[in-house]
Amino acid sequence: MRKTPLSSRRGTKLLAALLTAFALIAAACGSDDDSSDDGAASAPATTAAAAAPAATQAPADNMADDMSISGSIDVTGSSTVEPVTNLLAEAFSEQYPDVAFSVAGPGSGDGHKAAAAGEVPIWNSSRQIKDSEAEDINAAGIEFIELRVGIDGISVITAASNDSVDCLSFEDLYSLVGIESTGFDSWADANSLNAELGGSGPFADGALEIFAPGEESGTFDSFIEIALEDVWEHRVEEGHADENFAVRPDYNASANDNVIIDGIAGNQHSLGWVGFAFADENRDKVKLVEVDGGDGCVAPTPETIASAEFPIARFLYTYIDAAQASDPAIKAFVDFMLSDEGQIYVVDAGYVNLDPADLEQSRSNWANLTTGKTF
Amino acid sequence: MSVLTTPAGIATGAADALRRRPGADVAGSAFKWLLIGATVFATGFLAVLLAVMIVDGWEVLSGNLWHFLTHGFSQRSAAEAGVWQGILGSLQVALVTGLFAVPTGVATAIYLVEYAQGSRFARIVELNIRNLAGVPSIVYGLLGLAVFVQTIDGFTKGKTVIAGGMTLAAMVLPIVVITSVEALKAVPDSLREAAYGVGATKWEVLSRQVLPAALSTILTGTVLALARALGEAAPLILVGAATGFMSFGDANVFETFTGPYTALPVLIFNFARQPGADWGVNAAAASVIILVLVLAVNGLAIYLRNRFEKQW
């Protein structure tokens with residue numbers, strides 16, 4: 001037992017060495033691009049989160065004017081809009097390297113909740129804010145500015161190898177995925193309902209496998225609202241359909257769009273819906289079905305989505321806490337987002353630009369700090 | 001053969017057993033092959049998983065590894081995106097987790113074993129801690145969001161490395177306590193009694209004899225708990241790790257602990273949901289990297305065990 005004190009001391013030393021190693025790794029990586037503030041390291045570590053006004057500790061030498069903005073920008077909300085914000089943030093960071101960024105995409109509903117909890121200055125949504133969500137946010141003493149940033153078409157998809165379907169109407173979609181289609185295992189099962197609704201059937205038969213986003217997704221909400229709601233409400237009035245659920249519960253729901261794409265690609269007679277960007281990226285695996293919203297069959301393309309000819313399209317929104325709109329970093333970022341250059345990233349992310357009138361409305365909302373729902 | 005077993009009798013018996021052997025012990029050899037099968041299945045499963053990840057991620061691992069390791073997330077293209085922020089974030093979170101979970105967990109274990117041993121209170125606490133070890137990690141994420149992010153945001157500064165680390169600390173705390181309790185219980189009582197016998201105080205017994213003796217097992221358990229924390233994505237996403245683009249801005253090393261962060265598993269989640277097959281390559285490559293990281297940590301655990309292990 002003589003040895004124990006010795007090995008105990010060795011243990012302490014080793015632990016200390018490990019902690020030091022950790023700290024060194026962190027230091028080596030963290031000091032990547034802030035070589036300018038050697039002095040700051042010796043000052044007591046204050047918090048980065050409290051957005052320091054631009055005036056503090058801006059070194060006078062060789063700093064360009066716009067680089068002096070610092071602060072932190074935290075964005076959450078829709079996973080559909082997240083890629084746009086990512087691209088914007090990346091380009092913005094190159095111009096303003098001192099601004100700290102954190103972009104997340106848990107979902108539109110989560111974004112509005114985080115806003116009501118006062119957690120974020122900017123949040124995205126792939127649908128317009130609901131009245132109940134707006135009330136929750138206002139109840140927390142927060143006023144928001146509403147901006148439209150782009151348009152996303154929702155693509156109805158099947159396997160690339162499926163030749164038996166080219167175009168579906170809203171009635172067809174309801175008879176295949178609406179609440180009354182619960183239990184339909186094949187396309188032929190939907191034929192009698194389809195005929196009753198005056199759809200384009202009968203369908204060629206095949207095993208009906210449905211892959212689509214789950215309830216937490218803005219894509220799910222928007223698809224119901226645009227494609228299913230009219231037919232569904234009509235059926236509810238006639239007493240045929242459940243008034244609480246528009247979509248059949250027995251389909252393969254996933255929050256991961258790649259899972260949906262793989263499911264669609266792996267089943268010849270599959271059917272589903274995803275955002276246009278995902279479907280467009282995967283044209284080798286899935287077929288983008290034309291949709292008839294009452295004015296004939298239209299294929300989803302950036303042009304038909306922007307012109308609203310393609311019937312299933314939705315606006316993408318960004319919301320800003322009005323009280324934080326004057327923060328220099330946030331002001332510069334939103335200015336950039338609404339600039340002509342910023343709007344290019346909407347297209348880069350796979351979406352479609354707003355028409356000029358909507359963009360103008362967004363810009364004036366921002367310029368005048370107009371709060372509340374404006375669209 | 002006489003009743004009293006003679007050496008000759010034993011020899012005969014042994015010879016009988018030898019003669020009986022082929023085919024006689026069917027259950028025994030079946031059991032052995034069952035065990036071999038289970039082992040092959042378990043390791044084979046792991047090998048296939050590893051092989052698939054390496055093959056899927058090969059494009060990045062072979063050609064683009066340095067860029068991948070030294071660049072942050074980029075939405076522009078899969079080829080531009082990297083994981084260094086995730087590696088850094090994971091190490092920072094693990095550090096904070098360790099700082100909170102290890103002292104608290106080990107102290108709890110010392111109290112339970114050395115001070116409250118056998119009491120009803122100690123048994124109830126220990127039972128609850130064992131149950132806590134089975135709670136899904138997402139529940140700890142919810143706890144972290146409510147407590148560390150929202151309630152004590154004065155200390156954690158909201159959705160920061162500190163809050164993430166404390167959330168994972170809460171998650172691995174039961175594991176640290178349980179392994180430390182077992183380590184302390186494994187120290188023979190004769191050691192304590194001998195020390196008391198030569199007049200040592202309780203403090204001397206604990207600090208000079210019991211803790212050093214249990215150190216290797218405690219360290220091993222602790223490092224394994226940290227390895228588990230390294231692999232967690234779900235609780236971190238809940239408590240605000242960035243899934244998309246992030247940057248530190250002008251934060252210095254210390255300020256990065258109270259600023260935005262991400263972690264390797266969170267990046268894998270992000271890569272896996274991006275459109276396009278080349279992002280899948282990134283996800284696979286990042287998975288290999290986190291596996292290497294976890295293996296390194298486990299290797300450290302084995303090294304520590306061998307370094308400090310005591311034989312009785």
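Two strands are said to pair if DSSP finds at least two bridges between them. This report uses that idea to describe parts of a predicted model, beginning with a strand of chain A that has partners in both chains.

**Strand β2 of chain A**

Strand β2(A) covers residues 99-103. A residue counts as buried if 20 or more other C-beta atoms lie within 10 Å of its own. By this criterion 5 of the 5 residues of β2(A) are buried, so the strand is largely enclosed by the rest of the structure. Their side directions divide into two sets: A:Val99, A:Phe101 and A:Val103 point one way, while A:Ala100 and A:Ser102 point the other way.

Within chain A, the partner of β2(A) is strand β1(A), residues 71-77, and the two run parallel over 5 bridges. In this pairing A:Ser72 is found opposite A:Ala100. Helix α3(A), residues 82-95, belongs to the arrangement as well: together with β1(A) and β2(A), the helix makes a right-handed β-α-β unit.

A further pairing crosses to chain B. Strand β1(B), residues 246-248, is joined to β2(A) by 3 bridges, and these two strands run antiparallel. Here A:Phe101 stands opposite B:Ser247.

**Chain A as a whole**

Chain A contains 14 helices and 11 strands. Of its 375 residues, 46% count as buried. Among contacts in chain A with a separation of 6 or more, 74% are between residues 24 or more positions apart.

The average pLDDT of chain A is 81, and 82% of the residues score at least 70. Over residues 1-12 of chain A, however, the pLDDT is below 50, and this stretch has 12 contacts in the model beyond near neighbours in sequence. Residues 22-65 of chain A also have a pLDDT below 50, with 52 contacts beyond near neighbours in sequence.

**Positive phi values in chain A**

The following table presents two residues of chain A that have a positive phi although they are not glycine.

| Residue | Phi | Location | C-beta neighbours inside 10 Å |
|---|---|---|---|
| A:Ala308 | about 65° | loop between α11 (302-306) and β11 (313-321) of chain A | 13 neighbours |
| A:Leu369 | near 50° | segment after α14 (356-368) of chain A | 12 neighbours |

How should the neighbour counts be read? A residue is exposed if 12 or fewer other C-beta atoms lie within 10 Å of its own, and partly exposed if the count falls between this limit and that for burial. With 13 neighbours, A:Ala308 therefore counts as partly exposed. A:Leu369, with 12, counts as exposed.

**Helix α2 of chain B**

Helix α2(B) runs over residues 26-63 and has 38 residues. The helix reaches 53 Å from its first C-alpha to its last, close to the 56 Å expected at 1.5 Å a residue. A kink of about 70° is present in α2(B), centred on B:Gly57.

Does this helix lie largely enclosed or in the open? Of the 38 residues of α2(B), the number buried is 3, so the helix lies largely in the open. The buried residues are B:Met53, B:Gly57 and B:Val60. B:Gly57 is thus named twice, as the centre of the kink and as a buried residue. The buried residues of α2(B) pack against two helices of chain B, α3 (65-70) and α13 (277-308).

Technical notes. Residues are numbered from 1 along each chain as its sequence is written. Chains are lettered from A and ligands numbered from 1 in the order in which they are written. This is a predicted model: local features need pLDDT of at least 70, side-chain atom pairs count only at pLDDT 80 or more; totals for chains, interfaces and linings use all residues. Helices (H or I, at least four residues) and strands (E, at least two) are DSSP runs, numbered from the N terminus. The expected span of a helix is 1.5 Å times one less than its number of residues. The bend at a residue is the angle between axes fitted to the seven residues ending there and the seven starting there. Two residues are in contact if their C-beta atoms, placed from the backbone, lie within 7 Å. A crossover is right-handed if, with the strands pointing away from the viewer, the path from the first strand over the helix to the second runs clockwise. pLDDT is the predictor's confidence in each residue, from 0 to 100.
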